[in-house]
Amino acid sequence: MSISVPSPSQTSSDDGVISVMLVDDSSVVRGMVARLIETDKAIQIVSSVSNGQQAIDAANRRKPDVVILDVEMPVMDGLTALPQILKASPKSKVIMFSSLTEKGASVSLRAFSAGAVECLVKPNSSQDVGEGSEFQRYLLNLIKGFYPDKQGPKSHSSASPAPSTFLKPAKTISLHQDPMAYRGPPSLIAIGSSTGGPQALFEVLKNCHNLNAPIVITQHMPATFTKILAEHITQKAGLPAAEGENGMILENGKAYVAPGGLHMIFEKDGTNVKIVLDDGPQENFCKPAVDPMFRSAIDIFGNRVLGVILTGMGQDGLNGGQALVNAGGRLIAQDEESSVVWGMPGAVANAGICSKILPLRDVGPWIKKAALG
């Protein structure tokens, strides 16, 4: 079976350049970010302002493709300005720029509900944020991942992009149909997500109450943020959720979020399954990563794993998803139209290993139906 997939149509102009507005009360920070961004000719800074009110005015005039928005500013903070920026420029992708604190994490998670699509943690003074740094690589890939068709005329960047970050969707995608795949209720639901993931998770998980299986989640986020994410899942989706801890026993009907900076894997503990946190190397430029979670789930639950890949940059989950399908499990993915970035779901979709490719609104109901057998 095949389904037709439209080509990306997110670009707001045809000049091939992605327009960015910087909003931060520190001119030093704005200057640093501008220098890192403008090494890539596909990206142009069109406005640089110091508070939320100025950002609203500039968004109304410039309609930027991307807004990098500080959380704490005088006159008007980022969270207050966010909905008004999006009202002035509805197609803008807003990235919150936050400190790595519990307060910053909480505000950033609230910003996702107000329309932000990603959060960047401000680097500290000890981090390398120069040209060629990991921070620059991630920032450029993030911005360009929103607009895969806008790569600029003869664009050159001093930062080496991650391979396969900008996946071009195939015109036709084949769905995986294995008559030997397990069709009964899953014993584990494993979800991977990244850019745009928090809001997608809230939407999916509000449909996943009282399932007869645990839900494990790897969302690419730093430490502190993942704990707050679990709290927000409980509040917004009405689903009991916790940040994973060493030795925590998986329970049916509950969700467990991999903590930032550690892979979340699993071990048998008598008749139970417990969480083990692994401080091994990054995979797919990420820690936590989806692939080790998938591999470990297969080791414990075999073909009774239902894998889900939601919006996100890159291709984390592709290798683990292939292993899952090879083991007789099932994998579904969010479709391109409803994804903020169709990198991770696009990777598994283009590989032809998905049983279903669904709009975000349909993912949760599909999981619920599958869990009921």
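The exercises below work through the sheets, helices and selected residues of one predicted model.

Residues are numbered from 1 along each chain as its sequence is written, and side-chain values use heavy atoms, with hydrogens and water left out. In this predicted model, local features need pLDDT of at least 70 and side-chain atom pairs count only at pLDDT 80 or more, while totals for chains, interfaces and linings use all residues.

**Exercise 1. Confidence**

State the average pLDDT of the protein and examine residues 1-13 and 155-170.

Solution.
- Step 1. pLDDT is the predictor's confidence in each residue, from 0 to 100. The protein averages 90, and 91% of the residues score at least 70.
- Step 2. Residues 1-13 have a pLDDT below 50; beyond near neighbours in sequence, this stretch has 37 contacts in the model. Contact means heavy atoms within 4.5 Å.
- Step 3. Over residues 155-170 the pLDDT stays under 50, and the model has 45 contacts beyond four places in sequence for them.
- Step 4. Where pLDDT is low, the predicted coordinates should not be read in detail.

**Exercise 2. The five-stranded sheet**

Give the strand order of the five-stranded sheet, then find its edges.

Solution.
- Step 1. Helices (H or I, at least four residues) and strands (E, at least two) are DSSP runs, numbered from the N terminus. Two strands pair if DSSP finds at least two bridges between them.
- Step 2. The order is β3-β2-β4-β5-β6, in an open sheet with parallel pairing.
- Step 3. β3 (43-49) and β6 (118-121) each have a single partner strand, so they stand at the edges, and one side of each is left without a neighbour in the sheet.
- Step 4. On average, neighbouring strands of this sheet are turned by 25° against each other, direction ignored. Axes are lines fitted to C-alpha atoms, for helices over the stretch in contact, and angles run from 0 to 180 degrees between N-to-C directions.
- Step 5. β2 (residues 18-23) runs parallel to β3 and is joined to it by six bridges. Ser19 stands opposite Gln44 in β3.
- Step 6. α2 packs on the sheet and touches β2 and β3; its direction makes about 140° with that of β3.

**Exercise 3. Helix α3**

Which residues of α3 are buried, and why do they lie on the same side of the helix?

Solution.
- Step 1. Buried means under 20% relative accessible area, exposed over 50%, partly exposed in between (1.4 Å probe, protein chains only).
- Step 2. In α3 (residues 78-88), the buried residues are Gly78, Leu79, Ala81, Leu82, Ile85, Leu86 and Ala88.
- Step 3. These residues lie on the same side of α3 because they cover an arc of only 160° around the axis. The arc is that of the directions from the helix axis to the C-beta atoms.
- Step 4. Their cover includes α2 (52-62), β4 (66-70), β5 (93-98) and α4 (102-113).
- Step 5. At the N-terminal end, Asp77 caps α3, with a side-chain oxygen 3.0 Å from the backbone nitrogen of Leu79. A polar contact is a pair of N or O atoms within 3.5 Å; within protein, one must be able to donate a hydrogen and the other to accept it, and residues adjacent in sequence count only if both atoms are side-chain atoms.

**Exercise 4. The seven-stranded sheet**

Describe the seven-stranded sheet and the helices on β14 and β15.

Solution.
- Step 1. The strands follow the order β10-β11-β9-β8-β14-β15-β16 in an open sheet, and the pairing is parallel.
- Step 2. β10 (241-243) and β16 are the edge strands, each pairing on one side only.
- Step 3. β14 (residues 305-309) and β15 (residues 330-334) run parallel and are joined by four bridges. Leu306 stands opposite Arg330 in β15.
- Step 4. Helix α9 (residues 318-326) lies across β14 and β15, at about 140° to β15. Helix α11 (residues 360-371) packs on the sheet, touching β8 (188-193), β14, β15 and β16, and its direction makes about 160° with that of β15.

**Exercise 5. Two residues**

Are Ser355 and Cys119 buried or exposed?

Solution.
- Step 1. Ser355 is in the loop between α10 (344-350) and β16 (356-358). Its relative accessible area is 14%, so Ser355 is buried.
- Step 2. Beyond four places in sequence, Ser355 touches Leu175, His176, Arg330 and Leu331.
- Step 3. Cys119, in strand β6, counts as buried because its relative accessibility is 12%.
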